[in-house]
Amino acid sequence: MEEDQAGVPPLFRCLGPVFHQQDASAGLLAAPWSGPRRWWAGPLDVEGLGLGSVGAAAAALNLLAGAPGRFATTSALTAGAFDSSGHLRVSGHPIQGFAPLSGFRRTLDGWIRLHANYPHHEQRLMEALGATTADGVAAALRSMESLEAEAAIQYRGGVAAAVRTRADWLASAMGRSAGTGPWIDVTLPGGKAKRTGRPVLRPIEDPRRPLQGVRVLDLTRVIAGPVSTRLLGALGADVLRIDPPQLPELTGQFVDTGFCKRSAQADLAIPGNLDRLRHLLRTADVVVTGYRAGSLNRFGLDPQALLEARPELVLATLDSWGSDGPWSGRRGFDSIVQAASGIADLYGAENNDGGWQPGALPVQALDHATGYGLAAGAIALLAHRQHGGLGGWARLSLARTAEELLNLPALPALPELPGLPGETGRPAGPPPAPVLRTQASTYGGLRYAAPPLLADGQPRDYDRPPVPYGSSELAWA
């Protein structure tokens, strides 16, 4: 049964700069949804962030297709997609979650959140603390204050954040910077489109695959960026993901986000590979990046330079902390942003020992919402290009998405049901059943959550399984 939808945040309003030539009153921005409004425990409106971010992507698709309401979502589709890694089974087995050294640890004066899923981050963490074992890490942190440990780990290139209260984060320079600007920051270029042999205007042949023929260069890792390009691939785009061979992606993570794209490995420091990348850039329609701000500029991937060279190009970029503020060049992940911004403190609860410890969102909502927002920005800019011939640049950050979540209005209280220790604000009623699919792959049989979109009222599916990691050529299909 469809419930009241008035409380879903219209996050697509951030796309105003690219919608300005369209008649919003015609309903092209409509992105309806159906199903229950609440299903996750906790004090923040994670459901609203999920429905709003997927709704932004649907609204952009409706604009591109010129068909009001063609693309929509449901509570079940959104909830399933936001927990895609939790639903994924490979030959019947779940994928690995956080590594043993990742998570919350006590310090001399509070708590810190560590991220050590990648081997190089684990090594840097150990080196920063002068430890060789997990017990050594715990002992070192117990002798340090949270901010001291955070600074030491970040200085050595590790990934960690002290668990701050919301007030502490807002009082910091980075906290103040994180909340500035729109959720999706859009820059539109001047000038005229250049001739590249690629059509700027492309008719939509299959309304369910509106991006068929669009070439997407995917330079992203982890979750948020790959989520965005997974959706673009599901909509028909030719997505080529490129990873550095010296820093391979985690296998389970890659399988989760690898549907409908190809995968290549290339060390861009090798001149021949860089030449091939430049060749790809000359005929790409969309470039999506998800590395630290400025870290890809040495390879000719500075967004401003790319737009100056090709004003018709669509750029979609994300990082952890945004382009301004003292942490703009630092590493970060969803869980780390939760710790720094005050979310972990808000979700804290009594532990089994009778003490308090920080908590986390029910899903990695910052990653997934940022990913769908990134896809929304890219699709909206493609729609803009269809009308004016020029592309543009959409920028997002995990920290800005956290602010969007934290600033959503509180939902009215509902009766609570008995739950697990530490759960707060449990909604009245079970979560919507996810829409799950199965598919064969070279990794084994896959069970996975469906894409979070309806097309003409029908759920979608990924039409291609993940390819073997690094098995593709540096070339368009």
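**Exercise 1. Cavities**

How many cavities of 30 Å³ or more does the count come to? Then describe the second largest cavity by volume, lining and lining character.

*Solution.* The structure is a predicted model, in which local features need pLDDT of at least 70 and side-chain atom pairs count only at pLDDT 80 or more, while totals for chains, interfaces and linings use all residues. Residues are numbered from 1 along each chain as its sequence is written, and side-chain values use heavy atoms, with hydrogens and water left out.

Step 1. On a 1 Å grid over the protein atoms alone, a cavity is a set of points where a 1.4 Å probe fits but cannot get out. Grid points are joined across faces, edges and corners, and a volume is the space filled by probe spheres set on the points. The count comes to three cavities of 30 Å³ or more.

Step 2. The second largest cavity has a volume of about 40 Å³. Its lining (residues with an atom within 4 Å of a point) consists of Val287, Thr289, Leu301, Pro303, Leu306, Leu315 and Thr317. Two or more lining residues come from each of β12 (286-289), α13 (303-309) and β13 (314-319); helices (H or I, at least four residues) and strands (E, at least two) are DSSP runs, numbered from the N terminus.

Step 3. This lining divides into five nonpolar, two polar and no charged residues. Here Ala, Val, Leu, Ile, Met, Phe, Trp, Tyr, Cys and Pro count as nonpolar, Asp, Glu, Lys and Arg as charged, and the others, Gly among them, as polar.

**Exercise 2. Confidence**

Identify where confidence in the protein chain is lowest and highest among the elements named.

*Solution.* Step 1. The mean pLDDT (the predictor's confidence in each residue, from 0 to 100) of the protein chain is 88, and 89% of its residues reach 70 or more.

Step 2. Helix α1 (residues 16-19) has the lowest confidence, with a mean of 68, and strand β18 (residues 446-449) the highest, at 98.

Step 3. Residues 21-27 stay under 50 in pLDDT and have eight contacts (heavy atoms within 4.5 Å) beyond four places in sequence. Residues 417-423 also stay under 50, with seven such contacts.

**Exercise 3. Positive phi**

Locate serine 91 and classify its exposure.

*Solution.* Step 1. Serine 91 has phi near 55°, a positive value in a residue other than glycine.

Step 2. Serine 91 lies in the loop between β3 (89-90) and β4 (93-94).

Step 3. The relative accessible area of serine 91 is 45%, so this residue is partly exposed (buried means under 20%, exposed over 50%, partly exposed in between, with a 1.4 Å probe and protein chains only).

Terms used: 1 Å grid on protein atoms, 1.4 Å probe; cavity = no way out; pocket = protein on both sides within 12 Å on 5 of 7 lines; lining within 4 Å.
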